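Work through the exercises below with the model open beside you. Try each task before reading its solution.

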Amino acid sequence: MIFKKLKTIAILACMSLTAVPTMGQDLLARQAPIDKKMKAVDSVALSRLIQTEQMETPAADLYEDWNNVYAHKATELPDTFRIDLRNFCMPTDNRVVTSNFGRRWGRQHKGIDVKVYIGDTIRAAFSGKVRMVRYDRNGYGKYVVIRHGNGLETIYGHMSKQIVEENQIVTAGEPIGLGGNTGRSTGSHLHFETRLCGVALNPALMFDFRNQDVVGDTYMFYRNRYESESVVANRLRGVGGSGNNVGENEEDLELAIAAPEASYAKDVKFHKVKSGETLSSIAKKRSTTVDELCKLNHIGKRIRLMPGQILKYN
């Protein structure tokens, strides 16, 4: 009798011990969806927090401070910097560029002028934070400066009215002002600047007003060649540019990127090597000799040419 009782107790003990892991597994199974939901909530909250911080201090790695004194103050440029052009909005619907970036009337024109009429809506090119809303009667007129998370600062000048405030967070495409003719201006237009670390970059390097688009998902900035690229960008997308013509001008742009001096030394010409080409075929195509190609490019006759390689040929 006692033996049976002990046996029963032993069996019940074993059953209780095996039940513990099962109950634990059931508890874990019930808890898993909750953990998953909490993880999703945490991820969303974290994402929103990161986004808010980025909007509060856009491009913090490039800029040492946030001030409302200078529209632009040049600081040290990085050697290279990838500028994200996604999620953009053209600042105006107008497609007519009336003045290019660069030398004009004996001085540097640091932006692009786009034809707008008084009262036309001007929009933020990218999401960011408004740094300045000011009036400069001898320059920009009524203008707005916005700092963006992609590293750029954009300036919108000669507006008739600003409709944002300093330190206001704006999204790409949000109206920030109205077209006008204030300040140093000879007619209603939008003066549009893109700056990196306070240094003016040609908007045509990134924006194609004629086609109401950007040139790509990103623009790779190189400190040692952005000026030469700017010259070609004007030819492609500025006043008198080729627009949709992607023939020789598109090749010129590629050459300028690979060989910046081509934009300045007009008497020097370059050839971009295509797949299957040899020194002999290039020499024949460019009406020169293999010896001359080797001399100009400091290469040997047995060099293995790579597609995309740039060679001088005169």
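The model is predicted, and local features were taken only where pLDDT is at least 70.

**Exercise 1. Find the strand order of the open sheet that contains β6, and explain what is special about its edges.**

Step 1. Start at β6. Strand β12 (residues 175-178) is joined to β6 by 3 bridges, and the two run antiparallel.

Step 2. Fix the register with one pair. Thr121 sits opposite Leu178 of β12.

Step 3. Write the order. The open sheet has 3 strands, arranged β6-β12-β10 with antiparallel pairing.

Step 4. Look at the edges. β6 (121-123) and β10 (161-162) each have a single partner strand, so one side of each lacks a neighbour in the sheet.

**Exercise 2. Decide whether β13 is enclosed or open to solvent, and list its pairings.**

Step 1. Check burial. In β13, 8 of the 8 residues are buried, so the strand is largely enclosed by the rest of the structure.

Step 2. Split the strand by face. In a regular strand, side chains alternate between the two faces of the sheet. One side of β13 carries His189, His191, Glu193 and Arg195. The other carries Leu190, Phe192, Thr194 and Leu196. Both faces are covered, since each of these residues is buried.

Step 3. Pair β13 with β5. The two run antiparallel and are joined by 4 bridges. Val114 has Leu190 of β13 as its bridge partner.

Step 4. Pair β13 with β9. This antiparallel pairing extends over 6 bridges. Here Glu153 is matched with Arg195 in β13.

Step 5. Pair β13 with β14. These strands are also antiparallel, with 3 bridges between them. Leu196 finds its bridge partner in Val199 of β14.

**Exercise 3. Two residues that are not glycine have a positive phi: Asn87 and Cys197. Place each one and say whether it is buried or exposed.**

Step 1. Recall the background. Most residues other than glycine have a negative phi.

Step 2. Take Asn87. Its phi is positive, about 60°. Asn87 lies in the loop between β1 (80-84) and β2 (97-99). Its relative accessibility is 67%, so Asn87 counts as exposed. The cut-off for exposed is over 50%.

Step 3. Take Cys197. Its phi is about 55°. Cys197 is in the loop between β13 (189-196) and β14 (199-201). That places Cys197 in the hairpin of β13 and β14, which has 2 residues between the strands. With 1% relative accessibility, Cys197 counts as buried. Buried means under 20%.

**Exercise 4. Which residues have the most contacts inside the largest nonpolar core, and which elements give two or more residues to this core?**

Step 1. Identify the core. It has 41 residues, and Tyr156, Met206 and Phe207 have the most contacts inside it.

Step 2. Trace the contributors. Two or more residues come from each of β5 (112-115), β8 (141-148), β9 (152-159), β13, β14, β17 (218-222) and α2 (226-237).

Step 3. Look for another core. A second, separate one has 10 residues, including Ile282, Ala283, Leu293 and Leu305.

**Exercise 5. Describe the salt bridges of Asp79, Arg131 and Arg225: partner, distance and burial.**

Step 1. Get the total. The whole structure holds 9 salt bridges.

Step 2. Start with Asp79. Its partner is Arg223, with the closest N and O atoms 2.5 Å apart. The two residues are 144 residues apart, so this pair links distant parts of the chain. Asp79 is in the loop between α1 (2-56) and β1, and Arg223 is in the loop between β17 and α2. Asp79 is partly exposed at 49% relative accessible area. Arg223 is partly exposed too, at 36%.

Step 3. Move to Arg131. Arg131 forms a salt bridge with Glu153, the closest N and O atoms being 2.8 Å apart. Arg131 belongs to β7 (residues 128-136) and Glu153 to β9, so the pair ties together parts 22 residues apart in sequence. Both Arg131 and Glu153 are buried.

Step 4. Finish with Arg225. It bridges to Glu229, with 3.0 Å between the closest N and O atoms. Arg225 and Glu229 are both buried.

Step 5. Look for shared partners. Glu76, Asp79 and Arg223 are joined into one network by salt bridges that share partners.

How values were computed
Residues are numbered from 1 along each chain as its sequence is written. This is a predicted model: local features need pLDDT of at least 70, side-chain atom pairs count only at pLDDT 80 or more; totals for chains, interfaces and linings use all residues. Side-chain values use heavy atoms; hydrogens and water are left out. Two strands pair if DSSP finds at least two bridges between them. Buried means under 20% relative accessible area, exposed over 50%, partly exposed in between (1.4 Å probe, protein chains only). A nonpolar core is a set of buried Ala, Val, Leu, Ile, Met, Phe, Trp, Tyr and Cys residues joined through side-chain atoms within 4.5 Å. A salt bridge is a side-chain nitrogen of Lys or Arg within 4 Å of a carboxyl oxygen of Asp or Glu.
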